[in-house]
Amino acid sequence: KKQFQARIFAIEEEKGRYLLAEESKEREIEGLKETLKMLQISKYSLQNKLNEMEQTLQLHMLAKEDHQKSLNEVEKCYAVITCQFGTIKGAHERLEQNVLEAIQLNKKLTKVNKRQESEIDNFKKELKKVTEDLIRSNVTCQQKAGEENLSLTAKEQELQKLQQKLSMVFTGRYVCQLIFCILNLQKQSFGGI
């Protein structure tokens with residue numbers, strides 16, 4: 001009986017240990033459950049953050065692609081503008097050269113024009129003098145018709161020569177004015193570039 005009681009006592013002791021171990025294990029399981037819940041909540045939170053970061057990354061990638069497209073468009077526009085600038089610069093340089101040439105030609109034409117105007121004035125004076133001489137000669141000729149006939153013919157020939165010279169000077173002046181008008185037209189057409 002003592003053995004039996006000792007055995008029951010040992011079994012009850014063992015039972016108490018098992019109960020303590022069971023309670024300890026249950027507490028440990030509860031703790032693990034709590035830890036699991038916290039880990040699941042943490043996993044859910046981290047998953048949400050990961051999704052947000054992936055969306056942000058996609059937005060950044062789209063923005064980068066848009067930026068690259070814009071940059072490519074800007075580079076194309078820059079290339080076109082550079083090409084157009086080169087063309088305009090070349091046209092401007094040609095225009096400046098043409099303007100300088102037109103100015104030089106205009107100066108020359110102005111000098112020729114002044115010289116021709118001076119010659120015309122001289123011819124007019126000479127023509128006036130010859131006309132006056134001719135009138136005097138005509139008056140004298142009427143008085144001395146026979147003797148002066150040869151002199152009168154010479155004076156008329158001289159008058160015709162002077163009139164021809166004057167006509168040639170007027171023609172030369174007309175040609176110079178025509179050249180000047182052509183140059184002005186060319187200058188205006190280059191001015192439209």
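**Exercise 1. Find out whether Glu158 counts as buried, partly exposed or exposed, and place Glu158 in the structure.**

Step 1: Glu158 has a relative accessibility of 39%, so Glu158 counts as partly exposed. The classes are buried for under 20% relative accessible area, exposed for over 50%, and partly exposed in between (1.4 Å probe, protein chains only).

Step 2: Glu158 sits in helix α2. Helices are DSSP runs of H or I with at least four residues, numbered from the N terminus.

Step 3: From C-alpha to C-alpha, Glu158 lies 9.6 Å from Leu127, although 31 residues separate the two in sequence.

A word on the model before we go on: it is predicted, so local features need pLDDT of at least 70 and side-chain atom pairs count only at pLDDT 80 or more, while totals for chains, interfaces and linings use all residues. Residues are numbered from 1 along each chain as its sequence is written, and side-chain values use heavy atoms, with hydrogens and water left out.

**Exercise 2. List the residues of the largest nonpolar core and say which element gives the most to this core.**

Step 1: A nonpolar core is a set of buried Ala, Val, Leu, Ile, Met, Phe, Trp, Tyr and Cys residues joined through side-chain atoms within 4.5 Å.

Step 2: The largest one has eight residues, namely Ile120, Phe123, Leu127, Val130, Leu134, Leu159, Leu162 and Leu166.

Step 3: Two or more of these residues come from each of α1 and α2 (145–191). With five residues, α1 gives the most.

**Exercise 3. Work out how many salt bridges there are and which residues form them.**

Step 1: Side chains of opposite charge can pair when their charged atoms come close. Here a salt bridge is a side-chain nitrogen of Lys or Arg within 4 Å of a carboxyl oxygen of Asp or Glu. The count comes to three salt bridges.

Step 2: Arg115 pairs with Glu119, with 3.9 Å between the closest N and O atoms. These two are about one helical turn apart because they are four residues apart in helix α1. Arg115 is partly exposed at 48% relative accessibility, and Glu119 is partly exposed at 32%.

Step 3: Arg136 bridges to Glu132, the closest N and O atoms being 4.0 Å apart. Glu132 is partly exposed, at 36% relative accessibility.

Step 4: Asp133 also forms a salt bridge with Arg136, at 2.9 Å between the closest N and O atoms. Shared partners thus join Glu132, Asp133 and Arg136 into one network.

**Exercise 4. Place Glu26 in its helix and give its exposure class.**

Step 1: Glu26 belongs to helix α1, which covers residues 2–143.

Step 2: The relative accessibility of Glu26 is 44%, so Glu26 counts as partly exposed.
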